[in-house]
Amino acid sequence: MANSRAYTEAPVEKTSAWKDFLALIKIGIVNSNLITIFTGLWLALHFSGERFLLNIDTILYTLAGAALIIAGSCALNNYIDRDIDPLMERTKGRPTVTGKVTPKKVAFLGFGFIGLGTLALLMTTITATVIALVGAFSYVVVYTMWSKRRLVSNTVIGSFSGAVPPLIGWAAVDPSLDIMAWSLFLIMFFWQPPHFYALAIRRVEEYRAAGIPMLPVVKGFEVTKKHTYAWVIALFPLPFLLTSLGTPFLILATLLNIGWVATGIYASRKKDELKWATAMFVYSLQYMTILFVAMVLVTLI
């Protein structure tokens, strides 16, 4: 209770209504997912021999629909977590905590955006729509409402919803979901645990205060680091499912994987767990962006 009171009464930076809105929908998550959605779209168009400009309507409906569903799911996440967000430094300024937006409005925004996104995606394919809604259910119900507060494996369970976006993009063009589409899903799935384990180490005391059983809270830093390396190593063979993208891509992906392990080994020499986690977290963001952008670029060469 002492921690809760301290966090709640701490001064909160004043924000504009627009910034509060962006915080509610977690715009950073929306933007990063748009990269993987677009990559799925682009590769499906490329390998099915479809022209980009002739399918601009499908592209816009897919990006808008998926973005709305993701934003709505994030708003519902904020609604559900409003009891624990005051306990964490990085979330105590959310409008659901400061009281600038009522819970009822947040819930309305969340369900409203999911509804609008569903209508937009229905303009593409049923498959893309179903995948997006399954992803939303997985994130809001399976992860946020169930596993996040109960299981140390919550990060792995939450990785399913985070791996869905490229499938949405692909399915909007090709509902049959080629093996390449599932390869993108696997890459995103295996990328997330090491990404979030690094974040969890950086914010371990906040998660401990909020009672969230993240791996470093329950098992400690050393076990978390071993799990992180294991997930990164598991990424090594996955790019070879994308041989259609050519040798230059495979070389780049392999170098990125080696670089992730090397970053961890080098950062460990500093004997500072927080610096190690920061280095791994920053690298994970660069890894995802470079890898998925490269998938698009190699098809243009």
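The exercises below concern a predicted model, and each task is followed by a worked solution.

**Exercise 1. Confidence**

Task: State what average pLDDT the chain has, and where pLDDT stays under 50.

Solution.
- Step 1. The chain has an average pLDDT of 93, and 95% of the residues score at least 70.
- Step 2. The stretch where pLDDT stays under 50 is residues 1-12.
- Step 3. For residues 1-12 the model has 14 contacts beyond four places in sequence.

**Exercise 2. The surroundings of N257**

Task: Locate N257, decide whether N257 is buried or exposed, and find the side chain that meets the side chain of N257 in a polar contact.

Solution.
- Step 1. N257 lies in helix α14, which covers residues 247-268.
- Step 2. Buried requires a relative accessible area under 20%. The relative accessible area of N257 is 0%, so N257 is buried.
- Step 3. Beyond four places in sequence, the residues in contact with N257 are V232, L235, F236, P239 and Y287.
- Step 4. One of these contacts, Y287, is also the polar partner: the side chains of N257 and Y287 are joined at 2.6 Å.

**Exercise 3. The largest nonpolar core**

Task: Name the residues that touch the most other members of the largest nonpolar core, and the helix that supplies the largest share of this core.

Solution.
- Step 1. The core holds 90 residues, and F249, L291 and M295 touch the most other members.
- Step 2. Helix α10 (residues 179-202) supplies the largest share, with 14 residues.
- Step 3. F249 touches P239, L242, L291, A294, M295 and V298 when residues up to four places away in sequence are not counted. Among them, L291 and M295 are the two residues named with F249 in Step 1.
- Step 4. As background, nonpolar side chains in soluble globular proteins tend to be buried together.

**Exercise 4. Helices α10 and α8**

Task: Compare the reach of α10 with the expected value, then establish how many residues of α10 and of α8 are buried.

Solution.
- Step 1. From first C-alpha to last, the 24 residues of α10 reach 36 Å, close to the 34 Å expected at 1.5 Å a residue.
- Step 2. At the start of α10, a side-chain oxygen of D178 comes within 2.8 Å of the backbone nitrogen of M180.
- Step 3. In α10, 19 of the 24 residues are buried, so the helix is largely enclosed by the rest of the structure.
- Step 4. In α8 (residues 154-163), seven of the 10 residues are buried, so this helix too is largely enclosed by the rest of the structure.
- Step 5. The buried residues of α8 are N154, T155, G158, S159, S161, G162 and A163. Their cover includes α3, α7 (126-147), α9 (165-173) and α10.

**Exercise 5. Salt bridges**

Task: Give the number of salt bridges in the whole structure, then describe the pairs R149 and D81, E273 and K225, and E89 and K92.

Solution.
- Step 1. The whole structure has nine salt bridges. In general, side chains of opposite charge can pair when their charged atoms come close.
- Step 2. R149 and D81 meet in a salt bridge at 3.1 Å, N to O. This pair links distant parts of the chain, 68 residues apart: R149 is in the loop between α7 and α8, and D81 is in the loop between α4 (56-80) and α5 (95-98).
- Step 3. R149 is partly exposed at 30% relative accessibility, whereas D81 is buried at 0%.
- Step 4. D81 and R149 also belong to a network of salt bridges that includes D83 and K148.
- Step 5. In the salt bridge of E273 with K225, the closest N and O atoms are 3.2 Å apart. This pair also links distant parts of the chain, with E273 in helix α15 and K225 in helix α13 (residues 221-235), 48 residues apart.
- Step 6. E273 is partly exposed at 22% relative accessibility, and K225 is buried at 10%.
- Step 7. E89 and K92 meet in a salt bridge at 3.2 Å, N to O. E89 is partly exposed at 39%, and K92 is buried at 14%.

**Exercise 6. Positive phi**

Task: Place K26 and K271 in the chain, and decide whether each is buried or exposed.

Solution.
- Step 1. K26 has a positive phi, near 50°, and K271 has a positive phi near 55°; neither residue is glycine.
- Step 2. K26 sits in the loop between α2 (17-24) and α3 (27-47). K271 sits in the loop between α14 and α15 (273-297).
- Step 3. The relative accessible area of K26 is 13%, so K26 is buried. Exposed requires over 50%; K271 has 76% relative accessibility and therefore counts as exposed.

How values were computed
Residues numbered from 1 in each chain as written. Predicted model: local features only at pLDDT ≥ 70, side-chain atom pairs only at ≥ 80, totals over all residues. Heavy atoms only, no water. Helix = DSSP H or I, 4+ residues; strand = E, 2+ residues; numbered from the N terminus. Buried < 20%, exposed > 50% of the residue type's maximum accessible area, 1.4 Å probe, protein only. Polar contact = N/O pair within 3.5 Å; in protein donor to acceptor, adjacent residues only side chain to side chain. Contact = heavy atoms within 4.5 Å. pLDDT = per-residue confidence, 0-100. Core = buried A, V, L, I, M, F, W, Y, C linked by side-chain atoms within 4.5 Å. Salt bridge = Lys/Arg side-chain N within 4 Å of Asp/Glu carboxyl O. Expected span 1.5 Å × (residues − 1).
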